[in-house]
Amino acid sequence: MAGRFAPRPTRTTVRGGEVVVPPGVPAQASRPVSGLRRTWALPWPLDLGLVLGPLRRGPGDPTFRTTPDGSVWRASRTPLGPGTLRVAVRGGAAEAEAWGPGAAWLLEKLPEMLGALDDPDAFMPRHRLLAMVRHRRPGLRLTRTGLVLESLIPSVLEQKVTTDEAYRAWRLLVGKFGDEAPGPAAGRMRVMPEPRTWALIPSWEWHRAGVDDKRASAILRAVRVAARLEQTVGMGAAEARARLEVVPGIGVWTSAETVQRSHGAADAVTVGDLHLPGIVGYALAGDRGADDAVMLSLLEPYAGQGQRHRAARLVLLSGRVPPRRAPRMRRGDIGRL
C-alpha cells in the first residue's frame with residue numbers, strides 16, 4: 001500500500017525544493033583526487049534531495065549536480081575561497097568529501113547545511129493536508145548554508161520572469177564568469193563569481209543572458225556591499241532581511257527567498273509571488289484566487305510557531321495545485337532584441 005501513495009515529483013513539488021537523488025551504491029574507494037573527509041552520524045532521518053533541493057537553480061545549474069552513486073555535489077564560494085563538496089547518506093550517516101581552499105569550511109558547516117539547526121518538531125499541523133505531507137516526508141529539514149550572496153544573486157535573477165529564464169541566466173553567467181570547481185568536479189562544475197567579477201561583467205553580457213537593467217543593477221549594488229550582506233549570517237532572519245532590503249532592488253520577495261536558504265528561516269514566508277498565494281489558497285481553502293492577504297491569513301496559525309515558510313513548502317510538496325486556466329506566461333529573451 002505504501003507504494004501506491006508514494007509522492008511523485010511534479011512541477012510544483014520541484015519548486016518546493018525536491019531534487020531526485022538516485023539511491024545509489026557505495027562509491028568506489030579510488031578517486032582521482034583525494035579531498036578532506038568527514039562522516040557525521042545522523043540523529044534523524046534525512047532526505048538529501050529534499051534538504052539540498054532548494055539550492056539547485058534548475059537542472060542545468062553549474063554549481064549543483066547529482067550522480068548515480070547517490071551523491072549531491074555543490075560548488076560554493078566560501079569565506080575561505082572556492083570549494084567543492086560531495087555528500088551522500090549511507091547507513092544512517094552523512095559521508096562528505098571536500099576539495100579546494102574552502103573545503104575545511106564546507107565540512108565544518110555540514111551539519112547546518114543538512115538541517116542540524118532546524119527544529120521540525122516546532123511545527124504543529126493545523127491542516128490535514130500538511131499533516132499528511134509531513135508524515136510522508138520525514139526526511140525534510142530546512143538547510144542553512146551560511147552564504148548570503150550565493151542565494152541572493154539567483155533570487156534577484158528570478159524577479160518577475162519565468163523560472164526557465166532565470167535558470168538560463170544563472171547558468172550562462174556562472175558558466176562564463178565563474179571559476180572552475182576544485183577537485184574531481186573540475187571541468188564539469190563552476191563556482192559562482194566573486195563580487196568583483198560580478199561588478200565587472202559588461203552590460204552586453206547581462207543582455208545576452210536575458211537579464212534586464214533593473215535586475216542587473218540590483219546585483220551590482222549588492223556585490224558592492226557584499227561583505228556587509230554576508231555579515232547578516234550572524235543575525236536573526238528579521239534583522240538580516242531588513243539589511244538586505246536597504247539595497248535598492250531587493251524587496252520582501254527577494255529577501256525571503258534568500259534567508260530561507262542562507263539562514264534556514266522557517267518563518268520567512270514569500271510574499272509578492274505570482275503563483276504561491278493561489279497555490280496555498282487552493283490547497284488549504286479551495287480558493288485559487290487568493291492574494292497575499294488571504295495566504296497570510298491561512299498561514300496565521302503557524303506564525304506563532306515561527307513555521308510559515310515550512311507550511312508553505314509542505315503545500316508545494318503536496319502537489320495540490322489549481323487546474324491551469326490560462327496559457328503559460330510567455331518566455332521572453334531580451335538577448336535577441
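The following exchange concerns the cavities, the nonpolar cores and one buried arginine of a predicted model.

Colleague: How many cavities of 30 Å³ or more does the model contain, and what is the volume of the largest cavity?

Modeller: The count comes to 3 cavities of 30 Å³ or more. For the largest cavity, the computed volume is about 120 Å³.

Colleague: Which residues lie nearest the centre of the largest cavity?

Modeller: The lining of this cavity comprises 5 nonpolar, 2 polar and 6 charged residues. Both β3 (72-78) and α6 (149-157) supply at least two residues of that lining. Of the 13 lining residues, those nearest the centre are L55, T63, R74, E150 and W170.

Colleague: Which helix and which strand each supply at least two residues of the lining of the second largest cavity?

Modeller: The second largest cavity has a volume of about 50 Å³, and its lining divides into 4 nonpolar, 2 polar and 2 charged residues. The lining residues are R74, S76, W105, L106, K109, M113, T145 and L147. At least two of the lining residues come from each of α3 (103-108) and β3.

Colleague: Which helix gives the largest share of the largest nonpolar core?

Modeller: This core has 34 residues, and L173, W198 and W206 touch the most other members. Helices α6, α7 (163-177), α10 (213-224), α11 (226-230), α12 (237-244) and α13 (252-262) each supply at least two of its residues. The largest share, 6 residues, is that of α10.

Colleague: How many residues does the other core have?

Modeller: In soluble globular proteins, nonpolar side chains tend to be buried together. In this model, a core including L46, L85, L110 and L147 lies apart from the largest one. The number of residues in this other core is 24.

Colleague: Is R144 buried or exposed?

Modeller: R144 is located in the loop between α5 (128-136) and α6. Its relative accessible area is 17%, and the cut-off for burial is under 20%. R144 is therefore classed as buried.

Colleague: Which backbone oxygens lie within reach of the side chain of R144, at 2.9 Å and at 3.2 Å?

Modeller: Leaving aside residues up to four places away in sequence, R144 touches E112, M113, L117, V233, R261, S262, H263 and G264. A polar atom of the R144 side chain lies 3.2 Å from the backbone oxygen of H263. At 2.9 Å, the side chain of R144 reaches the backbone oxygen of V233. The two oxygens are thus those of H263 and V233.

How values were computed: Residues numbered from 1 in each chain as written. Predicted model: local features only at pLDDT ≥ 70, side-chain atom pairs only at ≥ 80, totals over all residues. Heavy atoms only, no water. 1 Å grid on protein atoms, 1.4 Å probe; cavity = no way out; pocket = protein on both sides within 12 Å on 5 of 7 lines; lining within 4 Å. Points joined across faces, edges and corners; volume = space filled by probe spheres on them. Helix = DSSP H or I, 4+ residues; strand = E, 2+ residues; numbered from the N terminus. Nonpolar A, V, L, I, M, F, W, Y, C, P; charged D, E, K, R; others polar. Core = buried A, V, L, I, M, F, W, Y, C linked by side-chain atoms within 4.5 Å. Buried < 20%, exposed > 50% of the residue type's maximum accessible area, 1.4 Å probe, protein only. Polar contact = N/O pair within 3.5 Å; in protein donor to acceptor, adjacent residues only side chain to side chain. Contact = heavy atoms within 4.5 Å.
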